[in-house]
Amino acid sequence: MPLQSFRLTLRFVLPLALVLGLFAYAVVPLVDSLTLRWFVRDLDARSQSLANALQDPLLEYVPQHSERRIGQLFDRALRDERLHAIGFCDPAGNLLYKTSTYPSTLGCRGAGHGGALQSLVTLPQGPLHVSESALERDGQSIGKLVLVHDMSFIERRSADTKKYVIGLFAVIAIVTSLITVFIAHLSWRDWVSSVKRVLRGEFGVRPQQQSPQSESHPFEGDLRALLHEFNVERRTRDDSTHLWTPEKLRVLLHEELAGDEVLVVSNREPYLHMRTRNGIEVQRPASGLVTAVEPVMRACSGTWIAHGSGSADKESVDRNDRVPVPPNNPAYTLRRVWLSREEEKGYYYGFANEGLWPLCHIAHVRPVFRSSDWEQYVAVNQRFADAVVKEARTDDPVVLVQDYHFALLPRMVRDALPKATIITFWHIPWSNPESFGICPWREEILEGLLGSTILGFHTPFHCKNFLETVDRYLETRIEHEASTISFGGKLTQVEHYPISIAWPEQMHDQPGIEECRISVREEHGLPADHLLGIGVDRLDYTKGILERFQAVERMLEAHSNLVGKFTMIQIAAPSRSSLEEYQNFEARVRAMVQRINARFGSGNYQPIILKAEHHDADQVNRYFRAAEVCMVTSLHDGMNLVAKEYIAARDDERGVLVLSQFTGAARELHEALLVNPYHIEQSAESLYRAVTMPEVEQRDRMRSMRSLVKDFNIYRWAGRMLLDAARLRQRERIMTRIRSHSRQSLRRVV
Ligand code: G6P
């Protein structure tokens with residue numbers, strides 16, 4: 001028996017022996033006094049009946065003084081082995097007759113009395129039971145009969161009883177110990193072999209004769225509980241103390257996920273090759289998603305699969321539709337997928353941007369759902385899933401699926417590569433179950449997303465909305481504490497990972513703040529002390545651009561001293577412009593700018609400068625560094641990275657951020673001036689407060705926000721997801737073994 005088994009046995013046997021010993025110690029005296037009482041009572045009764053039997057002969061012989069006959073009578077009675085002696089005393093207390101065994105020290109004790117008297121006396125020859133019975137004739141005492149019983153036999157019997165009791169307890173102790181040892185040994189062996197099987201990965205293989213109800217089931221229960229705890233612990237662990245860097249992310253990927261393969265899937269590509277008058281130019285799109293994920297890909301390498309939408313994209317790829325990027329310093333591969341006009345119309349413009357986009361952003365634009373769009377959406381998701389499978393060099397790649405364009409792809413990839421780690425990130429908000437419920441294909445979308453290992457949102461609120469939506473429309477098992485959904489035997493972790501940017505360590509490659517201030521003002525014909533606001537968005541109705549302009553108008557109304565002194569520069573990248581909704585929106589924006597400029601502008605002065613064209617990151621940075629205030633007034637936004645980019649650009653710790661409370665960023669950037677963009681007066685006052693804010697206050701606020709964005713950077717976003725994926729992969733492996741183990745056990749019983 002192994003040492004552990006022996007220890008286990010001792011742990012049972014020692015307390016048992018102790019308890020039994022204590023029990024015996026308490027019980028033996030009790031048994032002793034009980035048996036004594038029974039024997040004395042027995043002797044009392046015997047003495048009484050013997051006295052009765054002797055009474056008549058004595059009443060006859062005593063008056064006759066017949067010593068011989070009395071002697072014979074006494075001798076006959078003495079044949080009873082327990083009767084030790086007999087004596088007869090006259091009423092005066094003289095011992096008239098006695099057997100030779102009568103103890104001389106006993107004599108005749110006390111005067112005569114009526115009835116019978118029993119007592120115990122201890123003489124040198126041992127303990128004696130003495131019974132005295134009065135003899136009367138015609139109401140007159142003629143003496144008393146003394147019967148003396150030897151009690152030493154009681155001691156002998158009591159000693160025997162003690163021996164039996166102790167012996168009995170010893171036998172009980174030995175038998176119980178043996179049974180305990182036997183059971184402990186069997187249990188230990190089963191536990192050990194269960195653990196060994198788990199470690200060897202043979203959890204399903206069990207000895208033939210054991211039933212599923214055997215002792216290893218508590219072990220499985222423990223294991224499940226342990227995994228549950230582990231999951232909850234994982235969620236509460238704060239890893240914010242480490243600064244996440246590209247290097248740290250790389251190490252994590254290789255050590256924790258043993259992944260030399262990362263595949264990203266998104267609709268928007270990180271680099272577009274565009275045909276221009278000057279030849280082919282490379283452009284970076286205006287997309288928060290691309291801003292965030294690109295640095296992660298640079299750190300991790302791998303392949304990014306996206307729609308090739310640039311006008312010169314096809315000319316720039318190899319025969320496998322691949323192109324190394326970034327163009328100047330390649331770090332990963334961009335694999336382009338080509339879409340026909342029909343596909344793009346139905347999948348991208350139709351279902352994704354006329355259906356899901358307004359559905360998830362509560363911006364009061366009605367979603368449009370067409371069956372033909374849905375069909376294209378399904379088909380294009382499948383095409384991208386096929387591309388993932390084709391690009392994967394192993395059967396368990398790490399696949400990072402991006403955004404609402406690919407709600408069905410996680411399940412499609414899961415079906416083709418069951419061992420893949422699929423991390424899906426939903427970059428836009430998730431609405432409540434009622435709002436989401438109007439989507440005619442809500443179940444399909446939810447099922448598709450639940451093909452993911454991890455499903456990420458920006459905020460806990462969006463996670464909660466998603467869990468509630470799944471709860472409402474699908475049959476699943478949801479563990480709210482651990483934030484997991486079990487569907488079709490697969491587990492999906494739903495977690496919030498607030499997205500961020502790559503923190504620029506130094507801005508030395510950027511022009512200095514003063515230089516930016518001067519050059520931007522000069523470019524627009526503005527004096528050096530002119531106050532500037534900046535807004536950077538796609539021309540999208542969710543961004544609150546109209547509300548922002550109304551706030552500028554209201555501020556100029558309320559603070560006329562700022563007319564001619566303040567200008568809002570709005571960089572608005574054209575977006576989804578073939579959709580009517582976006583065309584109308586652009587028209588409204590332009591009209592409003594015209595109206596406000598007509599109202600407050602004069603000469604060269606325009607309160608709003610609309611720059612509705614593409615700007616690259618360096619150009620945008622110049623504006624950020626030149627402006628006193630940045631306005632982010634989205635009506636609803638998953639995160640909004642413009643807010644974080646403005647903060648990163650202000651290494652002079654100056655400038656103020658006016659931020660919509662309906663952005664994910666508002667949950668982190670508490671030192672911004674938070675506004676409700678629908679409340680025009682409030683936004684106007686916040687804008688005024690921003691342009692007049694003392695420098696000390698600007699510095700305090702900006703410093704605090706900079707430190708947060710620096711720590712909670714994009715590497716942390718990706719790192720936390722990858723870490724969680726690694727843990728979940730491990731958990732899933734163990735759970736699979738537990739399940740297959742239970743199935744096998746059940747089959748054997750059946
Ligand atoms: C949002 C979406 C992204 C998208 C970006 C630009 O940020 O979450 O997925 O790339 O808008 O939109 P576009 O339609 O031009 O890609």
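## Briefing: strands, sheets and a ligand site

Strand S18 (residues 531–538) and strand S19 (residues 566–573) run parallel to each other and are joined by eight bridges. One pair to look up is Gly-533, whose bridge partner in S19 is Met-568. Please keep in mind that this is a predicted model. Below you will find the sheets, a hairpin, the ligand site and a buried histidine, topic by topic.

**The six-stranded sheet**

- S18 and S19 belong to an open sheet of six strands, ordered S20-S19-S18-S21-S22-S23, in which the pairing is parallel.
- At the edges sit strand S20 (608–611) and strand S23 (673–675), each of which pairs on one side only.
- From one strand to the next, the twist in this sheet averages 20°.

**The ten-stranded sheet**

- Another open sheet has ten strands, in the order S10-S11-S9-S6-S12-S13-S14-S17-S16-S15, and its pairing is mixed.
- Its edge strands are strand S10 (322–325) and strand S15 (477–479), both pairing on one side only.
- Here the twist averages 20° from one strand to the next.
- Within this order, strand S13 (residues 421–425) and strand S14 (residues 454–457) run parallel and are joined by three bridges.
- If you would like a residue pair to locate, Ile-423 has Ile-454 as its bridge partner in S14.

**Strand S5 and its partners**

- Strand S5 (residues 140–150) is mostly covered, with eight of its eleven residues buried.
- Strand S1 (residues 83–89) runs antiparallel to S5, and six bridges join the two.
- Across this pairing, the partner of Ala-85 in S5 is Val-148.
- Strand S4 (residues 126–137) also pairs with S5 in the antiparallel sense, over ten bridges.
- Ser-133 finds its bridge partner in S5 at Leu-145.
- S4 and S5 make up a hairpin with two residues between them, and Asp-138 in the turn has a positive phi of about 50°.

**The ligand site**

- The ligand is surrounded by 13 residues, and the closest are Arg-268, Ser-287, Tyr-348, Asp-403 and Arg-576.
- By residue class, this shell divides into five nonpolar, four polar and four charged residues.
- Oxygen atoms of the ligand take part in several polar pairs: with the side chain of Arg-576, the distance from an N or O atom is 2.8 Å.
- For Ser-287, an N or O atom of the side chain is 2.9 Å from a ligand oxygen.
- Arg-538 places a polar side-chain atom 3.3 Å from an oxygen atom of the ligand.
- On its own the ligand has 370 Å² of accessible area, and the protein covers 91% of it.
- Two or more residues of the shell come from each of helix H6 (288–300) and helix H7 (341–360).

**A buried histidine**

- His-636 is located in the loop between strand S21 (629–632) and helix H17 (641–649).
- Is His-636 buried or exposed? His-636 counts as buried because its relative accessible area is 17%, and the cut-off for buried is under 20%.
- The side chain of His-636 has a polar atom 3.0 Å from the backbone nitrogen of Ile-362.

Methods. Residues are numbered from 1 along each chain as its sequence is written. This is a predicted model: local features need pLDDT of at least 70, side-chain atom pairs count only at pLDDT 80 or more; totals for chains, interfaces and linings use all residues. Side-chain values use heavy atoms; hydrogens and water are left out. A residue is near a molecule or strand if one of its heavy atoms lies within 4 Å of it. A polar contact is a pair of N or O atoms within 3.5 Å; within protein, one must be able to donate a hydrogen and the other to accept it, and residues adjacent in sequence count only if both atoms are side-chain atoms. Accessible areas come from the Shrake-Rupley method with a 1.4 Å probe; for residues, only the protein chains shown count as cover. Helices (H or I, at least four residues) and strands (E, at least two) are DSSP runs, numbered from the N terminus. Ala, Val, Leu, Ile, Met, Phe, Trp, Tyr, Cys and Pro count as nonpolar, Asp, Glu, Lys and Arg as charged, and the others, Gly among them, as polar. Two strands pair if DSSP finds at least two bridges between them. Axes are lines fitted to C-alpha atoms, for helices over the stretch in contact, and angles run from 0 to 180 degrees between N-to-C directions. Buried means under 20% relative accessible area, exposed over 50%, partly exposed in between (1.4 Å probe, protein chains only).
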